Amino acid sequence: MIEDVRHQPVSGRIAADLRGIPETALWTLCHRAAEAARPDTVLPDPRAVQLVAEVDLPFKERLGVARPWVAQAIALRALAFDGVVRDFLARHPDGTVIALGEGLETQFWRVDNGTVGWVTVDLTDPLELRRRLLPHGARQRLVACDARERRWMAGIDASRGVLVTAQGLLMYLQPAQAHGLIDACAAAFPGGTMVFDTVSRRFSARSRDGVRGPGGHRLPPMPWGMNAAERKHLRTAHPAIAEVTDVPLPAGRGLLGFLAPRAAAVPLLRGDRPLITRLRFGAGACG
Ligand SMILES: C[S@@+](CC[C@H](N)C(=O)[O-])C[C@H]1O[C@@H](n2cnc3c(N)ncnc32)[C@H](O)[C@@H]1O
């Protein structure tokens, strides 16, 4: 990480002094905002653009340059998650979305149907920053809790359907912790759905070696990696996991946007690529 010694606070803006893994919430935010600011954006998100203007942080010095192709890739990932949420809301209009490690994601405002219940779970500091920066209405609840604990599950209304999302979270957990969280969700939310993304084993190993990302920012270690060929094993990881499906990235702009939904068919990308996975848990009370 590049330490910023010159930065002076900007009056009227809210200081965002997150460090370590929580800081990655600012990294994804600034990439979505950079993409959203383009006239030809794949992910319109005026609230993300506004948020970046309201945060007091020297983004480039702390987080590196937001390269357009990385910004588009991050936005396509968010768009894929939006698709899963919209699909869930079409079946459960007043269901509950639990966004684990939500950071400064503005997904609620992109997908809100007026009846969804939304629970944000994050660590204390990023959650407090979110609380200060974003307006939260009666259907939104903020829970300061480590996702690896089970405390956040208390008080969840699962009666009208549950979708658990973990966008950009599980790679930062140890493999056993990531599997433990998936198992806990499968056991706690019968009939529910979970969607999460992962990096490949190779990418995970590189992150542990301390490589820098394309914008010059040192990537935090991502201990959990999973290759595409391993994903089928999730089906038997817990008896309540009834279905495991791939969520392809939507199409976008240019070569990256062309390849994004076709990555599974490209020999060089097939085995060694980030994945988005949807799990369905055996039917029960959630329907
Ligand atoms: C890469 S950011 C992703 C933020 C958001 N989901 C997005 O896509 O922009 C990772 C987020 O996970 C949160 N996080 C990391 N470890 C966590 C844990 N053990 N429990 C809850 N949240 C965690 C971080 O604070 C941060 O907000």
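In this predicted model, E35 sits in helix α1, which runs over residues 24–36. Its relative accessibility comes out at 0%, so E35 counts as buried, given that the cut-off is under 20%. The side chain of E35 has a polar partner there: a contact of 2.8 Å links it to the side chain of R253. Beyond the neighbours within four places in sequence, E35 is in contact with D40, T41, V42, L43, P68, A71, Q72, A75 and R253.

The other half of that pair is worth a look too. R253 is found in a loop, the one between β8 (241–246) and α9 (254–259). With 18% relative accessibility, R253 also falls under the 20% cut-off and therefore counts as buried. Besides its link to E35, the R253 side chain reaches the backbone oxygen of D40 at 3.1 Å. Leaving out neighbours within four places in sequence, the contacts of R253 are E35, R38, D40, T41, V42, Q72 and F258. D40, T41, V42 and Q72 turn up in the contact list of E35 and again in that of R253. As for Q72, 181 residues separate it from R253 along the sequence, yet their C-alpha atoms are 8.1 Å apart in space.

Helix α1 matters again at the ligand, where it supplies 4 residues, the largest share of the surrounding shell. There are 23 residues around the ligand, and those that come nearest are T28, R32, D122, A147 and Q167. By type, the shell splits into 10 nonpolar, 6 polar and 7 charged residues. Which side chains bring an N or O atom to within a polar distance of a ligand oxygen? T28 does so at 2.7 Å, R32 at 2.8 Å and D122 at 2.7 Å. On its own the ligand has 590 Å² of accessible area, and the protein covers 97% of it.

D122 also leads on to another acidic residue, E102, which touches it. E102 lies in the loop between β3 (96–100) and α5 (107–111). Its relative accessible area is 6%, so E102 is buried. A polar contact of 3.2 Å joins the E102 side chain to that of W118. Not counting residues up to four places away in sequence, E102 touches Q107, W118, T120, V121, D122 and R130.

R130, in turn, belongs to helix α6 (residues 124–133), whose buried residues are P126, L127, L129, R130 and L133. These five span an arc of only 160° around the axis, so they lie on the same side of α6. The exposed residues T124, D125 and R132 are on the other side of the helix.

The last residue to consider is D272, in the loop between α10 (267–270) and β9 (275–281). Is D272 buried or partly exposed? Its relative accessible area is 26%, which means that D272 is partly exposed. Not counting residues up to four places away in sequence, D272 touches S200 and R202. With R202 there is a side-chain polar contact of 2.6 Å. D272 and L123 are 149 residues apart in sequence, and 30 Å apart in space from C-alpha to C-alpha.

Technical notes:
Residues are numbered from 1 along each chain as its sequence is written. This is a predicted model: local features need pLDDT of at least 70, side-chain atom pairs count only at pLDDT 80 or more; totals for chains, interfaces and linings use all residues. Side-chain values use heavy atoms; hydrogens and water are left out. Helices (H or I, at least four residues) and strands (E, at least two) are DSSP runs, numbered from the N terminus. Buried means under 20% relative accessible area, exposed over 50%, partly exposed in between (1.4 Å probe, protein chains only). A polar contact is a pair of N or O atoms within 3.5 Å; within protein, one must be able to donate a hydrogen and the other to accept it, and residues adjacent in sequence count only if both atoms are side-chain atoms. Contact means heavy atoms within 4.5 Å. A residue is near a molecule or strand if one of its heavy atoms lies within 4 Å of it. Accessible areas come from the Shrake-Rupley method with a 1.4 Å probe; for residues, only the protein chains shown count as cover. Ala, Val, Leu, Ile, Met, Phe, Trp, Tyr, Cys and Pro count as nonpolar, Asp, Glu, Lys and Arg as charged, and the others, Gly among them, as polar. The arc is that of the directions from the helix axis to the C-beta atoms.
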